[in-house]
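The following exercises concern the pockets of a protein model. Each task is followed by a worked solution.

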Amino acid sequence: TMRKLYHDGIMIENSTKFIFAGNEIPSTNDVSEGLFRRLVIVPFNAKFKLGPGAADAKAADVGLLAKVKAELPGVFNRVMRHYQELKKRGHLADAAKSSAELQRYRDEVDLVGTWVKENLYWNGSWGEDKPYVEVASVFEKYVSDSKRSEERPLSKFHFTKHLRRHIAHFDDRYDRQRLGQHRPYILRGVELKNDTGRKDHF
């Protein structure tokens, strides 16, 4: 739905695609699948130089614009051919380098996901006889590590949402365990790694 100022709203089918070019990709706190399934990152890694420059840079072709203009009909036909293929396919074709760049960006902005991979261990078992860890202990270590890295930690509520996204069978593992007068939330079959990367046993 869209609406001009002071006008009634109307229904439209939006086919707009946003294209951004920049030296760095903006950071984000949104690590949901809804965001990343909409992103296509095209890396431009080639370097060019005029005169002396970086050893890995290629010499810039200062006459490139004139060459493209001379071949404009062929360039246009090629663009239209690929456009027709895109319309028929209904989506952009997968590209290995683009997919790898998207995954690199996803890992870069998903700080909690990276922390989980580095600090927690779990497998396919979550029975009552399996080791477990208290969610409060996991959150306490996450907050401590975040402050040590000068990063702002998430709230416990949002941190737990991230755990649900990253830990396989989270809902099956998530439980309460009676410990004396307390019944803390736990994750069965999940263990914290110690500073050497080995598992701490519970």
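**Exercise 1.** Which helix gives the most residues to the lining of the largest pocket?

*Solution.* The model is a predicted one.
Step 1. List the contributing helices: H1 (33-36), H3 (72-89) and H4 (96-109) each supply at least two residues of this lining.
Step 2. Take the leading contributor: H4 gives the most, with 9 residues.

**Exercise 2.** State the volume of the largest pocket and describe its lining.

*Solution.*
Step 1. The volume of the largest pocket is about 2,000 Å³.
Step 2. The pocket is lined by 43 residues, and Phe18, Leu39, Val40, Ile41 and Val42 are the closest to its centre.
Step 3. Sorted by class, the lining of the largest pocket consists of 21 nonpolar, 11 polar and 11 charged residues.

**Exercise 3.** How much space lies in the second largest pocket, and which residues are the closest to its centre?

*Solution.*
Step 1. The second largest pocket holds about 530 Å³ of space.
Step 2. Its lining comprises 25 residues, of which Asn29, Val109, Val112, Leu154 and His162 are the closest to the centre.

**Exercise 4.** Which elements give two or more residues to the lining of the second largest pocket, and how does that lining divide by class?

*Solution.*
Step 1. Two or more residues come from each of H4, H5 (111-119), H6 (135-148) and H7 (156-166).
Step 2. H7 gives the most to this lining, with 4 residues.
Step 3. The lining of the second largest pocket divides into 10 nonpolar, 8 polar and 7 charged residues.

Technical notes
Residues are numbered from 1 along each chain as its sequence is written. This is a predicted model: local features need pLDDT of at least 70, side-chain atom pairs count only at pLDDT 80 or more; totals for chains, interfaces and linings use all residues. Side-chain values use heavy atoms; hydrogens and water are left out. On a 1 Å grid over the protein atoms alone, a cavity is a set of points where a 1.4 Å probe fits but cannot get out, and a pocket is an open set with protein on both sides within 12 Å along at least five of seven lines; lining residues have an atom within 4 Å of a point. Grid points are joined across faces, edges and corners, and a volume is the space filled by probe spheres set on the points. Ala, Val, Leu, Ile, Met, Phe, Trp, Tyr, Cys and Pro count as nonpolar, Asp, Glu, Lys and Arg as charged, and the others, Gly among them, as polar.
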